[in-house]
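Got the structure open in a viewer? Here is a walk through it, chain by chain, with stops where the chains meet and where the strands line up.

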Amino acid sequence: MAVEVFMPKAGMDMQEGTIIQWLKNVGENVEEGEGLLEIETDKVTMEVEAPATGVLLCRYFEDGAVVPVVTTIGYVGEPGEAVPDKPQLAGIVAKTAPSEMVETVEKQKPVLADETNGVKATPYAKKMAVANAIDLNEVPPTGPAGEIKGRDVEREIAKSPLARRIAEDKGIDLSAVTGSGHQNKVMKSDVLAKIAEQETPGVTAVVLNTTPLSGMQKVVGERMVKAHTEIPCVTQNTKVDMTKLLAFRKQINENRENKLTINDFIVKAVAKVLLHDKKVLVSLGDKEIIHHQDVNIGIAVALEEGLIVPVVKNADKKSLEEISETVKSLSAKAKSGGLMVDDYQGSTISISNLGMFGVHSFTPIVNQPNAVIIGICAIEEELALVDNQVENRKKMMISLTYDHRLVNGDVAAKFSLKVRDLLENPMEILL
Amino acid sequence: MPKKEITYANAIKEAISEEMIRDEEVFMMGEDIGIYRGAFGVSGDLVETFGEDRIIDTPISELGFVGCAIGAAVAGMRPIVEIMFSDFMTVCWDMIVNQAPKMRYMFGGKVSVPMVLRTASGGGTGAAAQHSQSLEAMLCHVPGLKVIVPSTPRDAKGLLKSAIRDNNPVIFLEQKLLYRTKGMIEEEEFTIPIGEADIKREGKDCTIITYGRMVQMCLAAAESLEKEGIDVEVIDLRTLLPMDTEAIIKSVIKTRHALVVHEAVKTGGIAGEIIARIADSEAFYYLDAPLKRLASEDVPVPFCPVLEKGILPDEAKIIATVKEMMA
Amino acid sequence: MKNGFDVAVIGGGPGGYVAAIKASQLGGSVVLFEKDAVGGTCLNRGCIPTKTYVKTAEYIKHIKYAHSRGIRIDVSQLGVNMVDVVANKNEVVKKLTTGVAGLLDSNQVKVIKGTATLTNDGKVFCDGQSYEAKNIILAGGSKPRVLDIPGIKSQGVLTSDTLLDLEEVPDRLVIIGGGVIGCEFATAFAAFGSEVTIVEFTDQLVKPMGKDIYKYLRKAIKAQGIKTVLNTAVESIERSEAGILVVKTSDQKTIAADKVLVATGRRADLECLGDRKNEIAMDGTFVLVDCEMRTSIPNVFCIGDMNGQMQLAHAASKMGETAAVNAMGGNEEVDLRHVANCLYTLPEAATVGLTEEDAKKEHDIAVGTFSLNANGRALASGETDGFVKVIIEKKYGEILGVQIVAPVAAEMISEAALCMTMEITAHEVAAMVHPHPTYCEAFMEACADALGKCIHLPRK
C-alpha cells in the first residue's frame, strides 16, 4: 500500500517548508530511511527520508514550492499503485506555483476552512447578530449540529426582564429593537416605541357606515369605468344666452296647465338641430362607424339607487309638447321603477342636466354607444354688453362631451353652436 | 350559520349537482360514473337526477374521453371528467400536458378550456404501485393547469365549485382515504377561491406546510407537540398551482422553522418547490433551523400493507422531525 | 490661563462637590466656590447630623427595652448630655467634610472659600476676584423656609440649622411642620426627653410618602410620646416675660414651648445668581432647568435644591454628575423616576415609585404586602413594627412602587429601586433566593404576594 510523504513539522512554530530539491525522480526505487528530498524551513535545511521501501509514485510539488506542514507531497509504494491525483491539504496553500499541480491546488482554495467567516449559525442568528452588533465568535452555540441558533444570540442581547415580558406578550421581534439602556440594553420604553411604530396606522378617514352596492349602481359603475377608460373624450363648454328663451317660455306657459320646462326646450332644440345634422349621431362598431338615422335622445335621470337614461324616441318628429309629455312620463316611470327595456334602449345621443343644482360646467361621461353627451348647466345672471349697454343677461353653459374616435372638434363645436343659436332664438325652435 | 355534517365524497357530489343545476353547460363523463355510481361512489345517484346525457359513462379510453372533454370545453361546455385513479392520467398525458393547458396560449386567448379533471389519488389503501401514486408534482410542472388537493369536505365542495366555474383546465385530486371522512359545511351555497392557502392551526414555533390527507395527520401531530411545549402552525395549501407563497413566507417569518409534509415521494416532490420559495424569500433571514421535508420513500408503493405503511409519512414521523428541528 | 477654568461650580454640597469631581475626572480644570464648609447642608446641617441624633435616639430606645431581652440594667437615670451629643455629631461631620475636602484635593479641584456670584460679563466673582469658566454649575443649595408670622423671629424660635447646635434638651419642643425634617427631629428630641408636639398644616405627616406609610408611622410617633396636631396652621408665636414661647394655632388654641423648631421646608438659595438674577428663567422660586440641567443661560447649569426638581442629597449628586458630563460636552439626561425617599424615624420608612392611590389611576395594579410580624429577622430582633408593600402592574408584573416601614427601611429600599431601574419584575424578585433571615425577605414575599403566590402568608 502506498505511503504518503509529508512535509514534516520540524519545530513547534514551523508552519511551512520550501522544497529545495527532490533527490529522487518519480519511478525511482527508494529504501526506507533514504533521503528523498531536501527542504528548508526558516531555521534549518534538512533531508526528508523515504517513509517506506518501494518506488516514488508521485511528486505533488516541485522544487521551490512552499508547502504547509503535514501536507502530503508525494507517495512511495509498489510500482503502478494508484494514488490520489491531488494532494491532501493541510490548511494553508502553497505560495509559489512552479508546477501545474500547485495551480490545481490553488483553485481548491474555497474548500479550506475560512478563518474569519467560519462561524456556523442559522440565518436568523446571523440576522440578529448583525442587528445587535454581536460578535458571533463570542456566542456559545447550542444547536444540535453545533450551530449558533437564534436563541443563543437572543441570550446575548441584553434586555430588561420587563422588556422581555412585554415583547413576548406582544410578539415583538427583539432582533429589530434597538436598546437605549446601558450598552444597548433593550428597555421597556424601547419595546413600547416599537409597538407604537407598528401600530401607527396610516391616516384613515373615519367610516360612518357602509351601504351595499345596489345592482344598478354596480352596472352604472362598470359602464362608467368602461366609458371613462375606453373613450378619448373631450368636453367643450359653450355659453348660451337664455334671456330670450326664458321670456318666451314664460309667455307660452302663462296659459298652460302643463308647464313646459327649460329642459323640454333644450331637448326640442337638440332634436331640431339633429334633424338636419346627423354627424354626431354615430357609434363605433367592430370595424366601422355606424351612422344613425333615428334621433333618439337619452335623458339621464338620477335615482336613489343609481342612474338611468330613458330614451325619447324619434325626438325630431315630436312636437315640443310631445317631448315634454314623453320626458315627464319616462322620468315618472324611472322613479317608480316602471321602465320597460325598450324605454331605455336605443339612444343615439344623450343629455344630462345638472342645471337645477347650480352646476356651472362639468364633464359628463359619454353614454356608450353614443358618441356625444350634452351636459346642461345652471342659468346664471351675468352682466353683458348689448349694443353698448350693460344689461343683465341669463347665461347657461352647455358642456358637450364627445368621443374623439368618432367626432372631431370642429364637428362638435359646430353642433354646439347650432344648438346655441337655436336656444338664443327660441321662436325658431318651434318653427 | 347552520352547518351540516357531510362526507368528503358527498361534498364533491353536492358541488357537482349544484353546478349542474346552476349551469346547464356542466356535464360529467368518466368510467362507471352512471349506474355503477362511480368507483368510489362519488357520482352516486347523479345519473338518476340528470340523466345519461349529462352523466356520461365512457369506455375505458382515457385518451379518448379526456380529449372529448377538451373539445366540448373549447366548444363552450363545462365538462367534468372523472379519471378513476390518478395513475391513469399518464394514459392521457398528451391531453393533460400538451392539449388542455396549451390551447388558450397557442390560440392567442381566443379559446379557453373550462374543464375539471377529477381523479382519485394517493395510497394507504393497499392498492399497490399502479393505483396509489401521488403525481401532483408532475402536474405542477405544467403551466396552464391549476392543481387542487382539498383536505376537508368543506374545502372539497367550495373549491370544486370554483374549479367548475374557472375558465382554465383544473386538475382536482381527491385522496382516496379522504372520501369517507366527515366534516361540517354550510347549508347555504358557498365557494372557496382557488389559490388561497388555509391556516388550519395557528402556532408560533414551527410551520408545517402540507395539503390533502396529510393535513389531519399534521394537526394530530401538532396536538401532541403542544403537550411538549411546541406550538405548531399548520398551513393547508389546498391549491398547489397557483401556490399561496405569501401565506407560507408570512408564517415562516413568524415561526422561523418550516417543515413540508406530503404523501408524494420525496425526490422531485412539491416540497422541494416550497422549500425553494422559502429559501428565495425574506423568510430565509428568519430561519433558525434547516428547512425539512417529510415525504414518502422514493420507491413504488408496495402492495404489502406493512411495507406501504412504512414508506408513508405518519404522525410519529412528523413529531420526530419537528422535535429534531426544534432541538 | 489665570483664573480660567473649564468648569466653575458654585456650592460645595452633595450636588456641587460631586459635579466638581466628575468634571475633573472627565479631564476638566475645575474651580469650586464654597462660602462655608464643603459638604453643604447634607453633611453639615442635614442628613448626617440628624442621622447621628436619630442613632443616639435608637440607642436610648434599645436601652429602655433592654430588660425585655433579659438584660439587667437600671434605666432610671437614663438621659443625654446634649453637649456631648453635639460634640459627637460635630466629630462625625468633621470626618466627612475632611473626607470630601480630601477627595476634591486629590482630584485637583481648586477650592475657593467665599461667596461667589455670577456677573454680567459671564464670569464668576468671588472675594474681589473675577474667574472665567467655559461652563458654570450652580449648586447654591437651599435654606430653611421661614414662615412670615408674628413672633417668628423671637428668641428660641429655631431652624434645623440652629437646633443642631443647641446644647440643651428643651423641656417642651414645638415643631412647626410634619415633614421629613420635623419628624426626624421629633424622633430625636422625644428620645432625648423633650415633650414634642408637631403642628402640621395638612391632614397627615410626611404627606409625599403616602397614606400607607403614615398609617403606620402615626402609631410609632404616638408610642414615642410625640403629640401631633393636624390640619392646623400656626398663627403667631409670642414670647412671655418668663421666656416661655406661646404658639397660637389657627384653631385658636395655644401650645406652650421652650423652643420652637420651624421645619416648613427649604427654599432655593439664589444668592449665587448675583447680577444675573433677573436674567435667568425661573420656575416659581426655583431656577428653571431642562433634563440636562441646563438653565436659560447658555453654559450655565443648575443642580440640587436650587432647581427644585427633587430636594434630596442623592438626587442632587445625580444631577451634579449629569451637569458635569454635559458641561464637558455630553448629552445626558437626569432620570429621577426611581429615586427613593427615606425617612429616618424609629422605625424608618422609605418609598420609591408610585403609591397605590397614584398607581391605580393609570395602571391595572395588583398589591402585595408582607408584615414584619411574619419576618424571622424582625421577630428575632424584637422589631416587628413595619411592612413592605409592593404595587405591581398586573399584566407583566412591573414594579410600580414600593413602600417600606422597617428598622432598616432606608437600606432595604435600594433593592426595590434597583429592580425598578433595571426593569426587573415581581416575577424575578419572587423567584430570587433571598438570604434568611433578613428583613429583605419581606420584599420578596411582598412581590410573591402581589402575584398571589406568597408561601409565608395564609391562603387568601
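What follows starts with the contacts that chain A makes and then moves through the sheets of chains A, B and C.

Keep in mind that this is a predicted model. Let's begin where chain A meets its partners. How many residues of chain A are in contact with chain C? Nine residues of chain A do the job, and they meet seven residues of chain C. Helix H4 of chain A, residues 161–170, is the main contributor on the chain A side, supplying six residues. If you sort that side of chain A by class, you get five nonpolar residues, three charged ones and one polar one.

Now swing round to chain B. Here eight residues of chain A touch eight residues of chain B. On the chain A side, helix H2 (residues 123–131) has the largest share, with four residues. The class split for this side of chain A is four nonpolar, two polar and two charged.

Staying in chain A, look for an open sheet of four strands. Its order is S1-S8-S6-S3, and the pairing is antiparallel. Strand S1 (3–6) and strand S3 (29–30) of chain A are the edge strands, each pairing on one side only. To see one of these pairings close up, follow S1(A) to strand S8 of chain A, residues 72–77: four bridges hold the two together, and they run antiparallel. A handy spot to check is Val5(A), which sits opposite Gly74(A) in S8(A).

Chain B is next. Its 327 residues include 50% that are buried, and its fold has 12 helices and 14 strands. Among the contacts in chain B with a separation of 6 or more, 80% are between residues 24 or more positions apart.

One part of chain B to pick out is an open sheet of five strands, in the order S9-S11-S10-S13-S14, with mixed pairing. Which strands stand at its edges? They are strand S9 (198–201) and strand S14 (292–296) of chain B; each has a single partner strand, so one side of each is left without a neighbour in the sheet. From one strand to the next, the twist averages 25 degrees.

Zoom in on the S14 end. Strand S13 of chain B (residues 258–265) pairs with S14(B) in the parallel sense, over four bridges. Within that pairing, Val261(B) has Leu294(B) in S14(B) as its bridge partner. Helices also lie against this sheet. Helix H12 of chain B (residues 315–326) packs on the sheet and touches S10, strand S11 (232–236), S13 and S14 of chain B, with its direction at about 165 degrees to that of S14(B). Helix H10 of chain B (residues 270–279) lies across strand S10 (206–210), S13 and S14 of chain B, and runs at about 160 degrees to S13(B).

Last stop: chain C. Is strand S9 of chain C, residues 172–176, mostly covered or mostly uncovered? Mostly covered, with four of its five residues buried. S9(C) is joined by five bridges to strand S10 of chain C (residues 195–199), and the two run parallel. Together with helix H6 of chain C (residues 180–192), S9(C) and S10(C) make a right-handed β-α-β unit. S9(C) also pairs in the parallel sense with strand S15 of chain C (residues 259–262), over four bridges. Val174(C) is a good residue to click on here: its bridge partner in S10(C) is Thr197(C), and its bridge partner in S15(C) is Val260(C).

Key: Residues numbered from 1 in each chain as written. Chains lettered and ligands numbered in written order. Predicted model: local features only at pLDDT ≥ 70, side-chain atom pairs only at ≥ 80, totals over all residues. Contact = placed C-beta atoms within 7 Å. Nonpolar A, V, L, I, M, F, W, Y, C, P; charged D, E, K, R; others polar. Pairing = 2+ DSSP bridges. Axes fitted to C-alpha atoms, helices over the stretch in contact; angles between N-to-C directions. Buried ≥ 20, exposed ≤ 12 C-beta atoms within 10 Å, placed from the backbone. Right-handed = clockwise from strand over helix to strand, strands pointing away.
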